[in-house]
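Student: I have a model open and would love to talk through its strands and one of its helices with you. Shall we go step by step?

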Amino acid sequence: MTPILWSFRRCPFAMRARLALHGAQITVDHREILLRDKPAEMLAASPKGTVPVLQTRDGVIDESLDVMHWALAQNDPEGWLEFSADDAALIATNDGPFKQALDRTKYANRYPDADPDQARATAAALLHPLNDRLSHHPALTGPQDTMIDAALFPFVRQFAMIDRAWFDAQPWPHLATWLNRHLDSARFAAIMVKHPLYRAAEHGKPA
Ligand SMILES: N[C@@H](CCC(=O)N[C@@H](CS)C(=O)NCC(=O)O)C(=O)O
């Protein structure tokens with residue numbers, strides 16, 4: 001079967017899943033949703049209600065990292081799985097403390113008890129080690145991109161987009177080069193192509 005991907009264009013978790021599926025050259029039946037209006041079919045497959053969700057012949061995969069691993073286990077032409085257990089800690093830091101600080105910077109109104117300037121400083125402190133790594137090689141773990149780069153890029157992008165002038169003024173030139181390389185890539189353009197809403201496709205309504 002062609003895997004079904006439930007996705008939301010701007011979600012960084014969905015972006016990383018789409019990057020890995022693209023890297024693995026896997027064609028999916030893309031079903032674009034709105035987070036405020038999730039299709040019953042998606043919730044039937046994965047009641048927790050987050051994107052991405054991938055329905056495969058092996059079952060439902062509803063964690064973005066699991067989607068990446070599944071995709072790359074099918075086909076890994078660029079060696080994205082060639083990273084060490086130590087390198088995998090970069091994802092844990094991204095998905096934990098960095099994501100927390102990112103949300104408190106970007107969505108300050110949702111976190112009235114958090115100081116957005118402090119949150120931005122916390123996020124920035126977690127990005128400087130990435131810049132240090134990238135001063136030694138073009139990708140986060142070596143000369144070539146791996147799944148780690150694809151897993152972190154959408155979140156660094158989201159942080160940069162909060163205030164691009166501020167981001168570009170920070171002393172992390174290697175990080176900025178890495179971000180721009182991913183932003184300018186054909187792969188990113190491919191995974192950001194706009195899809196009509198699944199609801200529209202299903203009911204024939206305008207999106
Ligand atoms: N741990 C999940 C997190 C996914 C997630 O939180 N996605 C957000 C969108 S970026 C979502 O679907 N949130 C549900 C909602 O806003 O209703 C993963 O890695 O796939």
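Student: Which residues point one way from β1, and which the other way?

Tutor: Happy to start there, and keep in mind that this is a predicted model. In a regular strand, side chains alternate between the two faces of the sheet. In β1 the residues on both sides are buried. Leu5 and Ser7 point one way, and the other way point Ile4 and Trp6.

Student: In what order do the strands of the open sheet lie?

Tutor: The sheet has 4 strands with mixed pairing. Its edge strands, each pairing on one side only, are β2 and β4 (59-61). The order is β2-β1-β3-β4.

Student: Do β1 and β2 run parallel or antiparallel, and how many bridges join them?

Tutor: Strand β1 covers residues 4-7 and strand β2 residues 29-32. One pair to look for is leucine 5, which stands opposite histidine 30 in β2. The two strands run parallel, joined by 4 bridges.

Student: Through which helix does the chain cross from β1 to β2, and is the crossover right-handed or left-handed?

Tutor: This is a β-α-β crossover. The helix on the path is α1, residues 12-23, and α1 packs on the sheet, touching β1, β2 and β3. The crossover through α1 is right-handed.

Student: What about β1 and β3: parallel or antiparallel?

Tutor: Here β1 meets residues 53-56 through 3 bridges. Tryptophan 6, for instance, stands opposite valine 53 in β3. The direction of this pair is antiparallel.

Student: Now to the helix with charged residues. Which side chain of opposite charge is nearest to aspartate 149?

Tutor: Aspartate 149 lies in helix α6 and is buried, yet has no salt bridge. A salt bridge would need a side-chain nitrogen within 4 Å of a carboxyl oxygen, and the nearest candidate is 4.8 Å away. Contacts of aspartate 149 beyond its sequence neighbours within four places include Trp178 and His182. The side chain you asked for is arginine 181.

Student: And how far from arginine 157 is the nearest side chain of opposite charge?

Tutor: Arginine 157 is also in α6, and is buried without a salt bridge. Among the residues touching arginine 157, not counting those up to four places away in sequence, are Met15, Leu179 and Phe188. The nearest side chain of opposite charge belongs to aspartate 184, at 10 Å.

Student: Why does glutamine 158 count as buried?

Tutor: Glutamine 158 sits in α6, residues 147-162. Leaving aside neighbours within four places in sequence, glutamine 158 is in contact with Arg10, Pro12, Leu102, Lys106 and Tyr107. The cut-off for buried is under 20% relative accessible area. Glutamine 158 counts as buried because its relative accessibility is 11%.

Definitions and conventions. Residues are numbered from 1 along each chain as its sequence is written. This is a predicted model: local features need pLDDT of at least 70, side-chain atom pairs count only at pLDDT 80 or more; totals for chains, interfaces and linings use all residues. Side-chain values use heavy atoms; hydrogens and water are left out. Buried means under 20% relative accessible area, exposed over 50%, partly exposed in between (1.4 Å probe, protein chains only). Contact means heavy atoms within 4.5 Å. Lys and Arg count as positive and Asp and Glu as negative; His and the chain ends are not counted. Two strands pair if DSSP finds at least two bridges between them. A crossover is right-handed if, with the strands pointing away from the viewer, the path from the first strand over the helix to the second runs clockwise. Axes are lines fitted to C-alpha atoms, for helices over the stretch in contact, and angles run from 0 to 180 degrees between N-to-C directions.
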